[in-house]
Every structure is written in C-alpha cells, then in structure tokens.
Amino acid sequence: MAKVLVFIDNPGQALKKSSLELLTIARSLGESVVAVNGELHDDVARTLGEYGARTLYLPSADDLDDYLVGPKASYLAAAVHASAATVVLAENSAEGKEIAARLGIKLGAGVITDVVAVDPDGTAHKSVLAGSYTTTAKATTPVSVLTVKPNSVTPEPAAPAAAPDSVTVGLPADATAAAARVTARNEKPASGRPELTEARIVVAGGRGVDGNFGPLEDLADALGAAIGASRAATDAGWIGHDAQIGQTGKTVSPQLYISAGISGAIQQKAGMQTAKVIVAVNKDAESPVFEIADFGVVGDLFQVLPQATAEIKKRQG
Amino acid sequence: MKIIVLVKHVPDAQFDRHLTGAGNTTDRSESILSELDEYALEAALQLIEARGGEAAGNKVIALSMGPAGAVNAVKKSLQIGATEGVHLSDEALAGSDAAATSLALAAAIRHLGADAPADLILTGMASTDGETSLVPAQLAERLGLPQVTFAASLELDGGQLTARRDGDTHSDTVEAPLPAVVSVTDQINDPRYPNFKGIMAAKKKTITTLSLADIGVDASQVGSAGSWTAVETAEVRPPRTAGTIITDEGDAGIQLVEFLAAQKLL
Ligand SMILES: Cc1cc2nc3c(=O)[nH]c(=O)nc-3n(C[C@H](O)[C@H](O)[C@H](O)COP(=O)(O)OP(=O)(O)OC[C@H]3O[C@@H](n4cnc5c(N)ncnc54)[C@H](O)[C@@H]3O)c2cc1C
C-alpha cells in the first residue's frame, strides 16, 4: 500500500481543521504517516492517531522556525526517505507551497498546488486561471507533492484508532547552510474570528465601507464569518493587508461570500469567484460584481447590513 | 551590482483566458508583462539608482523565458528602465511546468553569471497565469541560494539583505547573505510607468536571445518531456451568471436574510 506523508507545521495545542482534512485525504490514498515540526502535545499526538497516522516523524533540530522554508524542506526530504512515502500532502499556505516547491526539487517530484480533491490514483483536481477552468493533473514522477486547499473534504476519524510510533529524523548537516534567517518576529493580535481561507462564510468590504468596517463586523459576528477586504480597503489602511482577497491577496472558496461596497474588479473576482454562493451589496447597479452575484442588492450597505444583522439575530432568537 | 529580474509574458487577465492543445497549456496570444513582475523591476531599479545607477557599473538584466511574443515583456522592461534584456526562447520549452521552468531559468542565470555572478535575482510574488509561486523557491533550491520570498520591503547593506515578510499571524524580519533569490509582493513599492524618454532609450538597448544549446540544457529536460506534472483534463467552468438583483426599498436586508435562509446558509 502506498505510504502518504502529511506535513504538519507547528500544530500547537490542537490540530487545525485543515490538518484533519489532510489526514482524511491521506487515508483515502494509502497508509498515512505524519511529519511534525515544532512542539508535539500529547493531545495532538492522540488526535493524529485517531485520524489514522501510524508513525510520527520529528526533526532532530528544534530551530527550523528560525529560518525561511529551506531547512523545513530538508527535514521533509529526510522524512520522505525514512518513511518511503510516495505522496506528500501539505497545507496550501504561502509557506506550505514553498516548502513543497523546494521539496519537489530535492526529491525529483512533481508538485501540484491549490488542490481541492485527490483521487485514489493520485489524480489531483484544481481550478486555474482565476476559477475559469477546472483541471485534473498528475505528477509523472515516482513521488508526488500536493498542497491541498482548506475546506476540501469533511474530516473523519479513522477506525480503529492506534497510538502512533515516533521516530526522530536526523537533519542533513548543511540543512541551514544557505538559508535566510528570521531575525525578528512580530505576532499579530488574534481577531477571535475564523481564519479567512478556512471560513465557511466570508463578509468582505471595499472602498464603499469608507473606513468603517463596523456593520460588516456585526454581520460577521452574527454569521460566525471571517472578514475579508478588497485591495482598496487594505491600501487605505482600514484593515490589515492579510484580509485582502484577490489576485495578490488570498483566494477563498467559502459556502457564502458577502461582498459589500466592492465594485468587483477582475483582480478581486480572482480571489472569490469559486465561492458557492455570492451575495453583493453595492450602491451602483452597474458594478461588475452584480454580474456574478447570486443575490444582489442595489443599495447602501450602511442601511442593508445592519437590517440584515438585526433580522438574523431575531431569527436566531 | 548586478541584478537579474525575471519577467513573464502572461495572458492579459482583462480578457478571457484559455488553455489550449494536447497539453492544456496557456494560450498566450493576448499577453502582457505580468503586472506582479513590475514590482520586482521597480525594486531592482531603486536598488541600483541608490548605488549610482548604470554610471557606477550597476545593471539590471530583464530575463524572460517564453515563446517569440515573450520578447515583448523584455522590451517593456527595457522601456521601464532595465539595462539589458535576455530572452530565453526555444520550442522545446513549451509546456514546461514549474520544475522544468526553474531548471531552464537556473541554467540561464548561471550562463548570465559566467563572467560575474548576479548579486540578486528578483521575481514577482507569483505569475498572474500559473499563480503557483513555485518558481522562485525552486530556483533558489536549484541554485543553492537563500530564498527570501514575499518580501514587502527590501534593503541591502553590503553583502547582506534584510526584508520584511508579512504572514497571517506574524510579520517577520528576515536576513540573508547575497547572492539570494528574492520575490517581492505588490506592497513593496509603486512601479513606475515607461515614459517617452524610456521608450526612446529602450530602442538602443540590447536584447540577447538564448537557446537551450546556449545554456547547456537538453530538450528532454524541459517542456512537457522534462516536466514532472501533466495536466490531463481541463474543462471550462461555466461562467457565473447573475442571479436575483433587487433595489433596496427599505427591506432589502430582510430579503437578503430570506435568501440566505432559503439557501440553508443560516
Ligand atoms: C497587480 C494588481 C493586483 C491587484 N490585486 C487585487 C487583489 O488581490 N484584491 C483586490 O480586491 N483588488 C486588487 N487589485 C485592485 C483592483 O483592480 C481594484 O482596484 C480594487 O479591487 C477595487 O476595490 P473596491 O472594489 O473596494 O473599490 P472601488 O472599485 O472603488 O469600488 C467601491 C464600490 O463601493 C460602492 N459603494 C460606495 N459606497 C457604498 C455604500 N455606502 N454602500 C454600498 N456600496 C457602496 C461603489 O458603488 C463601488 O462599486 C489589484 C490591482 C492590480 C493592478
């Protein structure tokens, strides 16, 4: 049976939903093993077992986070050799993709990013050109490296659960040689809202919010949604750049995307048009966003959103 | 200082974009210089200008790999201010994935550094067509150089570079020795436009065309033959169509919620 290695970088106190999704996909492809970087809490180790991981690999060094990407790729290459895995699954974050990129070169393995589904034979499904095509692609090499987008499958624990063995993987002596070093790290305050790329619902605002994200935050709180923004709103400094959705921001494909005060420029659409349902609120009936909205309101977001929030709260009782 | 900037000729996103042919490769007929590469070019120009410009022996080489039309990306880069242009063009390159692309670009960069190695290789944060962001990291791996990707600021001090990289939960300061491969985000600067003077000056600048033979790469290492991934099927996703559009007459918020309830989204 094929061995599938899932890379989980800094799991923290509890595994993220996207990690559980990777573990669920891994089991559908073969026998799963996990390579962890960072501290491994007992709870996390237990959950990994519950999700079918047979072996846990850990790096012999604990300073991989002090460098950008390169040393993590070296560690993973060593873990792939140790486990004889033929498929590697990683997160589809910017760093996840880059680790995959370098790992691919180290292993002579094809890398496929932005994957949304994997068939048992390793065929990967994704959408390209800003959602205008859906494609299937396959690595033509003995080992393949796939980065999978969040919300691709429903996580399911394995039956029966087993306690995984742990194995320490020695790092090559030159792992950190030609690597960029992280010399300072500024943590950002946590918002308490769901992570944008993982959220089931996203409420996004643009220039039309005119500096006031308040009505969007209220609506997001009522819906349990994440907050996103157009570049006009992030450039204006009304919200952090990490909220930007679009070509140079994040790509999201939530169940529901509520766009408020955003015109719907091509670069913004590139990040959201694979959402299942799109709702748009905009004062201007000619806005291109209405061409792709399932439900559009021509109106003032400062009237429409608070009314919707009040109605949702009323229904929630 | 010698900076190589990678510039890509990509389909203009303002028009419909297509995949064509047996390998489902991107149709490049209506293509432009990838907007995200303009930030890399601007960063390179600012670095050499701060060091006395071309007069002080600094240069910015715009390197593009791609079919005949890709020379336009090089020309535009020269108009914006690059010192010289290089077009890596060979039929065998068609259909290259990120792995094959990074192999060819690494060989071209080694070739261009034969007399004096480049101090810096700059790229955009992603191409606006493939959007994988794989190439800068793969290039760094192939060249054995440090990689600093998604730089939102960039400073050089002697042989050391310092960059800021913004993530979701934290923002990092990153340091690496030169030479290095650096990709920059659209937050790093405001790219300049080519002006009349630049357009006239570009006419006198040289564009070197390189073939695979020139850079010592065999045709079997690139193109679909040398790629490690293959696109097997491609289907046009039905374009999204407009749904119900209402004009607010005082109750649109309630109608919106009714729509969400009907879609079982509450
Ligand atoms: C290389 C490049 C990359 C880019 N990447 C991105 C990207 O990743 N993401 C992105 O979003 N953009 C990106 N852009 C920018 C993009 O082209 C647009 O400029 C941007 O999306 C516009 O943002 P906006 O819709 O908020 O602003 P505008 O286009 O100014 O639209 C504001 C809208 O708000 C409406 N409005 C105003 N007041 C109200 C109100 N009270 N109630 C309701 N509606 C109101 C107006 O009718 C208007 O339609 C990129 C551009 C370039 C060149």
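How much area do chain A and chain B bury between them? About 7000 Å², with 55% of it on carbon and sulfur atoms. Keep in mind that this is a predicted model. Here's a quick tour of the interface, and of a sheet with strands from both chains.

**The A–B interface**
- Chain A puts 86 residues into the contact, and chain B puts in 78.
- On the chain A side, helix 4 (residues 94–107) gives the largest share, with 9 residues.
- Sorted by class, that side of chain A has 37 nonpolar, 27 polar and 22 charged residues.
- There are 7 salt bridges across the interface; one of them links D186(B) and R231(A), at 2.8 Å from N to O.
- Polar contacts come to 40 residue pairs between the chains, both residues at pLDDT 80 or more.

**Strands pairing across the chains**
- Strand 15 (residues 295–298) of chain A runs parallel to strand 15 (residues 244–247) of chain B, joined by 4 bridges.
- Within that pairing, F295(A) has T244(B) as its bridge partner.

**The 10-stranded sheet**
- It's an open sheet with mixed pairing, in the order 10(A)-11(B)-10(B)-9(B)-12(B)-8(B)-1(B)-6(B)-7(B)-13(B).
- Strand 10 (181–187) of chain A and strand 13 (207–210) of chain B sit at the edges.
- Neighbouring strands are turned by 30 degrees against each other on average, ignoring direction.
- Strands 9 (147–157) and 10 (160–166) of chain B pair antiparallel over 6 bridges, and L154(B) partners A163(B) there.

**Helices on the sheet**
- Helix 1 (35–49) of chain B packs on the sheet, at about 150 degrees to strand 8 of chain B.
- Helix 3 (98–112) of chain B packs on the sheet too, at about 145 degrees to strand 6 of chain B.

Definitions and conventions. Residues numbered from 1 in each chain as written. Chains lettered and ligands numbered in written order. Predicted model: local features only at pLDDT ≥ 70, side-chain atom pairs only at ≥ 80, totals over all residues. Heavy atoms only, no water. Pairing = 2+ DSSP bridges. Helix = DSSP H or I, 4+ residues; strand = E, 2+ residues; numbered from the N terminus. Axes fitted to C-alpha atoms, helices over the stretch in contact; angles between N-to-C directions. Contact = heavy atoms within 4.5 Å. Buried area = accessible area lost by both parts, 1.4 Å probe. Salt bridge = Lys/Arg side-chain N within 4 Å of Asp/Glu carboxyl O. Polar contact = N/O pair within 3.5 Å; in protein donor to acceptor, adjacent residues only side chain to side chain. Nonpolar A, V, L, I, M, F, W, Y, C, P; charged D, E, K, R; others polar.
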